[in-house]
Amino acid sequence: MKKHIFFFCGILLAGIPFSSCKKESSEPAKAKISFEFDFNVAGDELKLGQAYQINGTTVSFDAVNFYMGGIQLTQENGQVIDLSDQYLLGGIGNTATLNSDLDVSDINSMKFFVGVDPVTNAQEEIDFTSRPPTDPLGIQDPSMHWSWSTGYKFLRVDGDVDLDGDGILETGVAYHLGSDAMLKQFDLTNPIELRSGDNDLIISFDLTKFFTGVDLKAELDTHTGNNLPLAERLRDNLAIAIEVYRN
Amino acid sequence: MWRPFGLGIIILVMLLGCGGDVVYISNLPNHFPQPTIPPDNKLTRQRVELGKKMFFDKSLSLDSTIACVSCHHPDKAFTDGLALSPGIHGRKGKRNTPSIMNAALVPLINKDGGVKKLDLQALVPIEDENEMGISILHLSQRLAQDPVYVKQSREAYGMPPSAYVITRALASFVRTLYSSNSRYDHFIQGDSTALTSREKMGKALFESDRLNCTSCHGGIQFTNHAFENNGLYTSYVDLGRALITLDSADRGKFRVPSLRNVGITAPYMHDGSLANLEEVINHYEDTGISPKKGQSKKIEAFSLSSEEKESLIAFLSALTDEQFIN
């Protein structure tokens, strides 16, 4: 089944070192790494407002977003491409660009986290209101900031469910993860084998796996602190819900 | 002519020629701490004026029915006398409206301390679906359509209305709401006639080890700004501080409120469940003798006579700052 790929961001990298013998060397070829987000329900393309069956409950979604940061790509030669000072906001229709001037090839491991690092999340000096609209950590719609608590929503999934089975999705659900304890680290050591000029990374987020073990008819919301056990289960489910692979 | 809110309570001095009219709060008594003003939001006449305009403006709510002042009445020390305040569409707030006096001195804002700086506090009521119910982005766009707001916003912050402008302007206004002029303040500054004999008896009780009130409500602010479980319930629907820290030991803990103006800020407790000061004293008398699980150890067992309770209430009422509320 064809997955809808949400182009998210790209990194332009100098892929081929120029020769020191030729001052008039041609423009270095650019290698491009794209991070693309694939939101799906057991492999089916996620469309907002469309009904899906998850764990026996009919559910539709109207917002699915998460922050991804701390990105470090390690090459076979041990060179680390450090993009950890930049953030991606995974979301349908979002686009952004990360920039790096490092050469890249043969990536064989990747680290990142879902969430926002504690210093940035504290918003003590710079907060989301003082960042430009183009900054993923700036103000968003739907919002990715808490209002009742200083900090970011690391991940939000909002939608509606059909509780009584009448075909009408009448009850709102909201799953918002935030606070430092909700930061989810990923350390992918399986070779990704990125090579210059052919470097699309797919970040797949499967909502079916995200809700593993969750009864959508009974567990209608968490804003983290008000239902910490559910928030922790959802955070832990990210390990199976998110996969990274080469296009 | 611009007039600071509550003129006579605070005196604002404008220092001209410093990149704008920088405002300083200058008449705080010596026993009162100076507020810390963040460098990116210096108090200026334009900012305070803009924040004041917003504070009284119902268009800051989704359906333009609720302003900040709808719940924060100046004559009740910026509370409203209700257990839970009505928001848009008649919805009820989740917690009792707190006073916003002296908010510039509070290190962690809100009853659960979730907001780390006053410059972001306005988001709480603005975006809460039970209060003003409008996203800050939507509100920014709305105010940016108003030529008066655009003009004032540019004068104050050099930019049109935005989330930054709204939150900073409201914080600027709130920073001017200083209450430091009760009869108690006169008394501790040397006016021995400022308190009646009954109020002095109440003061002695309040400060006694027997009641231990000052372990939480001590100091010039009558609060230690800590978070405590005061034994109101055995199990809390509102988890309080635990919502922020995610620590189960913090369930039922709420920020210790200042007792300044406490005589006019009924009802009490985080949910407004106690109607008057007598009920509050009775609550502590009961929970001191029969503590609930998780309750603060600072609550001592005590018993007061009716006369002692009257004296204690008289003292607490002497913490009212008449200038501030008028």
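Pro229(A) and Ile240(A) are exposed on one side of helix H3 of chain A. The buried residues lie on the other side. They are Ala231(A), Leu234(A), Leu238(A) and Ala241(A). These four cover an arc of only 75° around the axis, so they share the same side of H3(A). The model is predicted.

The length of H3(A) also fits a helix. The element runs over residues 228–241, and its 14 residues should span 20 Å at 1.5 Å a residue. The end C-alpha atoms are 19 Å apart, which agrees.

**Chain A as a whole**

Chain A holds three helices and 14 strands. It has 247 residues, of which 36% count as buried. Among its contacts with a separation of 6 or more, 73% join residues 24 or more positions apart.

Confidence varies along the chain. The mean pLDDT of chain A is 82, and 77% of its residues reach 70 or more. Over residues 1–30 of chain A, pLDDT stays under 50. The model still has 71 contacts beyond four places in sequence for that stretch. Where pLDDT is low, predicted coordinates should not be read in detail.

**Helix H6 of chain B**

H6(B) covers residues 163–174. Its twelve residues reach 17 Å from first C-alpha to last, close to the 16 Å expected at 1.5 Å a residue. How many of its residues are buried? Twelve of the twelve are, so to speak of H6(B) as mostly covered is fair. The buried set includes Tyr164(B), Arg168(B), Leu170(B) and Phe173(B). These buried residues pack against four helices of chain B, H1 (45–55), H3 (123–127), H4 (136–143) and H5 (147–157).

**Domains and contacts**

Chain B is divided into domain 1 (12–174) and domain 2 (183–325). Their C-alpha centres lie 27 Å apart. In the contact between them, 27 residues of domain 1 of chain B meet 29 residues of domain 2 of chain B. The two chains also touch: 17 residues of chain A and 19 residues of chain B take part.

The table gives the make-up of one side of each contact.

| Side | Nonpolar | Polar | Charged |
|---|---|---|---|
| Domain 1 of chain B, touching domain 2 of chain B | 13 residues | eight residues | six residues |
| Chain A, touching chain B | five residues | nine residues | three residues |

Key:
Residues are numbered from 1 along each chain as its sequence is written. Chains are lettered from A and ligands numbered from 1 in the order in which they are written. This is a predicted model: local features need pLDDT of at least 70, side-chain atom pairs count only at pLDDT 80 or more; totals for chains, interfaces and linings use all residues. Two residues are in contact if their C-beta atoms, placed from the backbone, lie within 7 Å. Ala, Val, Leu, Ile, Met, Phe, Trp, Tyr, Cys and Pro count as nonpolar, Asp, Glu, Lys and Arg as charged, and the others, Gly among them, as polar. pLDDT is the predictor's confidence in each residue, from 0 to 100. Helices (H or I, at least four residues) and strands (E, at least two) are DSSP runs, numbered from the N terminus. The expected span of a helix is 1.5 Å times one less than its number of residues. A residue is buried if 20 or more other C-beta atoms lie within 10 Å of its own, exposed if 12 or fewer, and partly exposed in between; C-beta atoms are placed from the backbone. The arc is that of the directions from the helix axis to the C-beta atoms. Domain bounds come from an automatic or database domain assignment.
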